[in-house]
Amino acid sequence: MTASTMLDSPATADSATLDGFRSGRWRRRVAAVSEENHAEPTADRILRRLGLTIGLAGLIVAVVELPDIADQSRFVSGGWTALTVVLALGWFPVLAAVSLGRSRRVIRTVAGLAAVSFLAAMATIPLAYAAPTSDASSVWVYRVLALGVLAAALAWRPPLSVIYLVVAAAEAALANRAVVAGGTTLSLIGDFARAAGLCAMFLWCSTYALASAARVDRESLMASKRAAAVAGAAARDREQARFAALIHDAVLSTLLDASRGGTESPVLRRQAERTLDQLDECRGGDTESDHLDAQSAVGFLRSAVHEVNPGVRFTARRWAGLDDLRLPVDAAGTIAAALAEAVRNSLRHAPVPGRSVHRTVTVTVSAGGIRVVFRDDGAGFDLDRVPADRLGISVSILGRMRQLAGGAGFVESQPGEGTTVTLVWGGDG
């Protein structure tokens, strides 16, 4: 029972503790999300941030240009103005929204729609104005042409973006000629040159940023591959050196003493027993091997997947403060072999006629362990009907993980619903 005085008094210590717990939990969630985004490839992060920036810029332009839009709409019917605004700026809020959490493919698709829609908006200007009647110096769409060019830079490769720039600048100059009175051929050329020159600067900046991010990803992948290769080579060299030392210091020494002996010796017997014990330990592999950290382990697994099929989407997540992974090289090799077999099985058995099958690998590093999930949305299968002689799942995937200390593997699948293979390792169990 709680005393009435405690019920009537304001919550002090308990509420402060609760508030602290909530705020701490909130901070941990923010840190986790931040770290997950940090694990995303640099090219995807830059594309996402540029998409968000350009999408928000479209919203800002709509507000800033609203007075001029209203002023220029006096010379045409309201329907034309609404259509032009929707075509020119309608996709940019969508671009900002999808840039927050959708895939690279979705962001590029929406950016392409925004760029094409912007061209359509400029094409409506000559149709809406029967004759140049506005006293403005330029039509409002002309002034915000950079939005369409930036959207094109996100959506397409540089050659297509340059073509879009030329076409859009020419169309903007013609739209300006249809609205502004007193235009001449010289002013038309000047409008084109100004629009193309200004937008070329924006196009170059965005293209350079995306290209630099892609180059960082390539160099990071190469560094991870080199680190994994160096770690594996170091482990092999260390094992060879240890075995050579054992042969020299123990086996040869015991044989030499035995050859010099002539009578039974208790000392020689104990030395032989110790040598046999050391050989058993060496054969059992109980000695410590080299380890991979989180970055090297992720690079090692990425290389194993992309050697089978470079088209598999690979993502990694590392939780803030909990990514101090020490993965033995032999354990990394076992996980990589099981993962590669899962990818090969999917390539052989998951295809569905008439549509493409998407395959993804997600690696999560946290609390000294690693979790690898391979998914496809292909044909799927009934686990209960897999023949006993099919070794791909029972031996090459699940069997490998069962034999790994601290490892486990799981396969989930249903006909028509794809397949999920989960591989986990958590130290020594």
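The paragraphs below lead through a predicted model of one protein chain, from its overall make-up to a few chosen places inside it.

The protein chain has 429 residues, of which 39% are buried, and its secondary structure consists of 15 helices and seven strands. Among the contacts in the chain with a separation of 6 or more, 74% join residues that stand 24 or more positions apart.

Since the model is predicted, confidence is a careful place to begin. The chain averages a pLDDT of 77, and 70% of the residues score at least 70. Among the elements of the chain, the highest mean pLDDT, 94, belongs to helix α6 (residues 91–98), whereas the lowest, 38, belongs to helix α1 (residues 4–8). Two stretches call for caution: over residues 1–39 pLDDT stays under 50, and the model has 17 contacts beyond four places in sequence for them; over residues 285–289 pLDDT also stays under 50, with seven contacts beyond four places in sequence. Where pLDDT is low, the predicted coordinates should not be read in detail.

From confidence we turn to helix α9, which spans residues 145–155 and is mostly covered, with 11 of its 11 residues buried. Among these buried residues are L145, G148, V149 and A155. L145, which is found in helix α9, has a relative accessible area of 1%, and therefore counts as buried. What does L145 touch, leaving aside its neighbours within four places in sequence? Its contacts are F118, M122, A168, A169, A172, A195 and C199. One of these contacts, F118, is 27 residues from L145 in sequence, while the C-alpha atoms of L145 and F118 are 8.2 Å apart in space.

The next topic is empty space within the model. A search of the whole structure finds one cavity of 30 Å³ or more, and about 100 Å³ of space lies in the largest cavity. The lining of the largest cavity is formed by I69, Q72, S73, V76, W80, T81, T84, I125, A128, Y129, V139 and W140. The elements that give two or more residues to this lining are α4 (66–72), α5 (78–89) and α7 (104–128), and α5 gives the most, with three residues. In character, the lining divides into eight nonpolar residues and four polar ones, with no charged residue.

Finally, the aromatic side chains deserve a look, and a pair of aromatic rings is described by the distance of the centres and the angle of the planes. The structure holds two aromatic pairs. In the pair of W156 and Y164, the ring centres are 5.9 Å apart and the planes stand at 55°, so the pair is tilted. W156 is partly exposed, because its relative accessible area is 27%, while Y164, at 5% relative accessibility, counts as buried. In the pair of W204 and Y208, the ring centres are 5.3 Å apart and the planes stand at 15°, so this pair is stacked. Where do W204 and Y208 lie in the chain? Both belong to helix α11 (residues 185–260), where they are four residues apart, about one turn of the helix. With a relative accessible area of 56%, W204 is exposed, whereas Y208, at 48% relative accessibility, counts as partly exposed.

Key:
Residues numbered from 1 in each chain as written. Predicted model: local features only at pLDDT ≥ 70, side-chain atom pairs only at ≥ 80, totals over all residues. Heavy atoms only, no water. Phe/Tyr/Trp six-rings, centres within 6.5 Å; stacked < 30°, edge-to-face > 60°. Buried < 20%, exposed > 50% of the residue type's maximum accessible area, 1.4 Å probe, protein only. pLDDT = per-residue confidence, 0-100. Contact = heavy atoms within 4.5 Å. 1 Å grid on protein atoms, 1.4 Å probe; cavity = no way out; pocket = protein on both sides within 12 Å on 5 of 7 lines; lining within 4 Å. Points joined across faces, edges and corners; volume = space filled by probe spheres on them. Nonpolar A, V, L, I, M, F, W, Y, C, P; charged D, E, K, R; others polar.
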